[in-house]
Amino acid sequence: MARTPAPDTRDRILGAAARLFYEHGVRAVGMNRIIQEAGTGKNLLYQHFPEKADLVAAYLAAARDVRDRAARLALVDARTPADVLVALVAEVAAKVAEPGFRGCAFRNYLAEFPDDADAAPARVAQDYLGASRAAIDAVAGELDPSGELAERVWLLVDGLYFQAAYRNRLDGDVARAGAAAVRLVEALVR
């Protein structure tokens, strides 16, 4: 008789996969390793995630939930468009300075799989980045309809994510770069 899976099986699989994908990259992590890390059987993994792409898409969707929640929390006290832009960049600056930060999960995935634009995980990553960019465009557009402010802010955000992915391993001074990015945005919007 087949045993009934524990109610947290899906979450346990997703948690193990998320950690492994983020630490090692999607391509480097096989399903057998996820099975071992999650402490589950192969059948249970494939019952919840029939293909690796399903698991990767779920990992990115969960990462999006975390990032969206962090952005909402960062904006609690923001009252003006200028406050919103500063808060968003400050939140990214704080995120990239966290110990163990290895880059943006969405950017990492798209860099690892540049030719998979139609795959479910790529759509999740592209949707998140597109929505993030649209939010910055909308808020910055209230201050500068030309689009130049939005472009500058987006370049700073991209730069923080890119730089932190390797600086955490080199000199560890990502916090200084984040503080500089926040000061630049403050100067642009005030």
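This is a short tour of a predicted model, stop by stop, with something to select at each one.

**Stop 1: the whole chain**

Show the full chain as a cartoon. You will find 9 helices and 0 strands. From the N terminus on, the order of elements reads α-α-α-α-α-α-α-α-α. Now turn the model around. Its C-alpha atoms fill a box of roughly 65 × 35 × 35 Å along the principal axes.

Switch on the surface. The accessible surface is about 10300 Å², and 54% of that belongs to carbon and sulfur atoms. Colour the charges next. There are 24 positive and 26 negative side chains. The centres of these two sets are 5 Å apart.

How much of the chain is buried? Of its 190 residues, 40% are. Contacts also reach along the sequence. Take those between residues at least 6 apart: 65% of them join residues at least 24 apart.

**Stop 2: the core**

Hide the surface and look inside. In soluble globular proteins, nonpolar side chains tend to be buried together. Here, the largest nonpolar core has 60 residues. Select Phe-21, Ile-34, Leu-55, Leu-60 and Leu-85, the residues with the most contacts inside this core.

Which helices give two or more residues to the core? Colour them as you read the list:

- α1 (9-24) and α2 (31-38)
- α4 (52-74) and α5 (81-96)
- α6 (105-112) and α7 (120-143)
- α8 (148-170) and α9 (174-189)

**Stop 3: Leu-85 and Ile-136**

Stay with Leu-85. Set aside its neighbours within four places in sequence. Leu-85 is then in contact with Ile-136, Val-139, Ala-140, Leu-143, Leu-149, Val-153, Val-185 and Val-189.

Step across to Ile-136, in helix α7. Why does Ile-136 count as buried? Its relative accessibility is 6%, and buried means under 20%. Show its contacts, again leaving out neighbours within four places. They are Leu-85, Leu-88, Gly-141, Ala-150, Val-153, Trp-154 and Val-157. Val-153 appears in the list for Leu-85 and in the list for Ile-136.

Try the distance tool here. Pick the C-alpha atoms of Ile-136 and Phe-106. They are 17 Å apart in space, with the two positions 30 residues apart in sequence numbering.

**Stop 4: two residues on α5**

Select Ala-93, in helix α5. Ala-93 counts as buried, at 8% relative accessibility. Beyond four places in sequence, Ala-93 is in contact with Leu-160, Gly-178 and Val-182. Now add Asp-11. The C-alpha atoms of Ala-93 and Asp-11 are separated by 29 Å, and the two residues are 82 apart along the chain.

Move to Glu-91, also placed in helix α5. Is Glu-91 buried or exposed? Glu-91 is buried, with a relative accessible area of 14%. Which residues does Glu-91 touch, not counting those up to four places away? They are Arg-67, Ala-70 and Ala-74.

**Stop 5: Ala-58 on α4**

Go to helix α4 and pick Ala-58. Its relative accessible area is 12%, so Ala-58 is buried. Show what surrounds it. Apart from neighbours within four places, Ala-58 is in contact with Arg-10, Leu-14 and Phe-49. Then select Asp-8. Ala-58 and Asp-8 are 50 residues apart in sequence and 15 Å apart in space, C-alpha to C-alpha.

**Stop 6: a ring pair**

Turn to the aromatic side chains. The whole structure has 4 aromatic pairs. One to view is Tyr-109 with Phe-113: the ring centres are 4.8 Å apart and the planes lie at 25°, so this pair is stacked. Tyr-109 and Phe-113 are both buried.

**Stop 7: a loop**

Finish at Asp-173, in the loop between α8 and α9. Is Asp-173 buried or partly exposed? At 25% relative accessibility, Asp-173 counts as partly exposed. Last, add Thr-9 and draw a line between the C-alpha atoms. Asp-173 and Thr-9 are 38 Å apart in space and 164 residues apart in sequence.

Definitions and conventions:
Residues numbered from 1 in each chain as written. Predicted model: local features only at pLDDT ≥ 70, side-chain atom pairs only at ≥ 80, totals over all residues. Heavy atoms only, no water. Core = buried A, V, L, I, M, F, W, Y, C linked by side-chain atoms within 4.5 Å. Buried < 20%, exposed > 50% of the residue type's maximum accessible area, 1.4 Å probe, protein only. Helix = DSSP H or I, 4+ residues; strand = E, 2+ residues; numbered from the N terminus. Contact = heavy atoms within 4.5 Å. Phe/Tyr/Trp six-rings, centres within 6.5 Å; stacked < 30°, edge-to-face > 60°. Areas by Shrake-Rupley, 256 points an atom, 1.4 Å probe, with all protein chains shown as cover. Lys, Arg positive; Asp, Glu negative; His and termini not counted. Charge placed at Lys NZ, Arg CZ, Asp CG, Glu CD.
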